[in-house]
Amino acid sequence: MSAVEASSAGVQVTFTPMVDYVRDARWGRVMETCGEEPILNGIMGAAQVKAFHGEDMSKAGCFATCVKHFAAYGAPQAGRDYHTVDMSRRMFRDRYLPVYQVALEAGAATVMSSFNDYDGIPASGNKWLLKDVLRDEWGWEGMVVTDWNSAGEMIAHGFSRDLKHTTEQAVNAGVDMDMMSYGFIQYIEELVKEGKISEKEIDRAVRNILKLKFELGLFENPYVDETLSAKVDYAPEHLAAAKQAALESAILLKNDNNVLPLDKAKTILVTGPMADAPYEQMGTWTFDGQKEHTVTPLTSLREEYDVIWVPGLDYSRDKSKAQFSKVRAAAARADAAVVFVGEEAILSGEAHSLSNLNLQGAQSELIAEVKKAGKPVVVVVMAGRPLTIERDLANCDAMLYSYHPGTMGGPALADLIKGKAAPSGKSPMT
């Protein structure tokens with residue numbers, strides 16, 4: 001469905017799957033991965049490749065994939081994005097490289113070289129990684145593209161003198177296409193004339209790019225049927241699938257005395273900064289997500305219960321307790337309380353690493369305040385990464401962890417709270 005929607009708008013290549021294996025939740029891009037299990041990451045990556053390509057990626061409703069970030073981008077020191085990766089060659093080969101290989105063997109069209117270095121050499125200038133392993137050892141014949149200015153960032157790693165030098169290093173290491181450093185377009189011709197890049201390397205890069213365009217059928221028909229997008233935008237079957245995905249991915253972390261489902265409650269308090277945050281529940285990388293199409297938990301719970309709505313906090317980092325007395329009074333009048341906490345979308349994603357994984361702002365205090373009313377308390381965490389929520393478990397009777405559940409998160413969570421569906425998700429990270 002993602003392929004159908006995106007390709008109908010003219011997208012021909014997606015920078016997916018992201019199969020980086022990660023064990024540090026402080027890293028901001030945890031939300032893009034499938035967690036700390038390499039086998040799971042590989043299997044999910046292969047599934048995405050096969051689904052997006054279909055039987056023939058040149059056909060309508062299909063597009064090309066890009067396995068990223070090659071390699072070990074998910075292991076930066078201290079979880080700090082773009083940082084050094086330092087590990088043994090054995091760990092690198094046993095745990096990290098196989099994940100990418102599984103996705104590539106599924107037929108991925110392109111590979112993206114990562115920002116990080118490995119063994120002191122940035123990935124976009126690493127001949128051993130891009131030629132010896134990827135090409136010679138694995139026999140892969142697709143196109144290699146840098147990450148956004150990852151060639152230029154080799155200067156920051158202390159590996160390159162300047163942009164001209166990064167261009168020389170990247171092309172000779174096996175990169176075919178430069179994303180956003182502008183070094184290739186500025187310096188390749190000059191470097192060839194100086195004999196620092198051979199025409200053989202240029203032929204290789206051009207051949208891999210043209211091969212991809214040929215496989216996508218762009219020489220025969222580069223145009224898109226513009227009527228398709230209107231047919232697939234928010235199609236009912238796509239929304240139903242989005243709801244089902246949210247249902248199946250919610251994780252039940254606690255349920256003392258079978259508080260859930262709230263099938264006997266009539267009046268409930270709904271509170272918390274994520275209860276009615278249509279943009280935030282879509283998660284990161286949805287810069288132009290259309291929040292007017294998002295259905296929030298508050299909206300959906302109002303269809304099931306008599307809802308008392310008190311936000312408590314205006315956003316996840318809000319530290320003001322001005323509404324707390326009102327929240328506690330409302331909880332005393334309700335049969336049960338449901339508190340929606342977590343992370344705004346901007347708190348996770350690229351370049352959004354954190355050192356503190358507690359609930360931010362006064363969210364923990366809000367949960368504790370609701371608990372004081374003595375009514376059953378259900379907490380729903382909507383976040384891009386695992387958070388350290390042990391202190392919050394003590395102040396609730398039940399907890400659901402839904403990550404950022406997307407456009408149809410509201411109806412899915414309402415069904416789980418009401419008991420129309422049972423939570424079945426398993427945690428992909430500790």
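**Exercise 1.** Which helices and strands do the buried residues of helix 14 pack against?

*Solution.* Before we start: this is a predicted model, where local features need pLDDT of at least 70, side-chain atom pairs count only at pLDDT 80 or more, and totals for chains, interfaces and linings use all residues. Residues are numbered from 1 along each chain as its sequence is written, and side-chain values use heavy atoms, leaving out hydrogens and water.

Step 1: find helix 14 at residues 409–418; helices (H or I, at least four residues) and strands (E, at least two) are DSSP runs, numbered from the N terminus.

Step 2: check its cover. Of its 10 residues, 10 are buried, meaning under 20% relative accessible area with a 1.4 Å probe, protein chains only. Among them are L413, D415 and K418.

Step 3: look for contacts (heavy atoms within 4.5 Å). These buried residues pack against helix 9 (236–249), helix 10 (297–301), strand 9, strand 10 and strand 11.

**Exercise 2.** Work out how strand 10 sits between its partners.

*Solution.* Step 1: go to residues 377–382, where six of six residues are buried. V377, V379 and V381 point one way, while V378, V380 and M382 point the other way.

Step 2: turn to strand 9 (residues 336–342), which runs parallel to strand 10 and is joined to it by six bridges; strands pair if DSSP finds at least two bridges between them. Here F340 stands opposite V380.

Step 3: now take strand 11 (residues 398–401), also parallel to strand 10, with four bridges joining the two. A398 is the bridge partner of V378.

**Exercise 3.** Which residue just after helix 14 takes a positive phi?

*Solution.* Step past the helix end and you meet G419, with a phi of about 100 degrees.

Note on methods. Buried means under 20% relative accessible area, exposed over 50%, partly exposed in between (1.4 Å probe, protein chains only).
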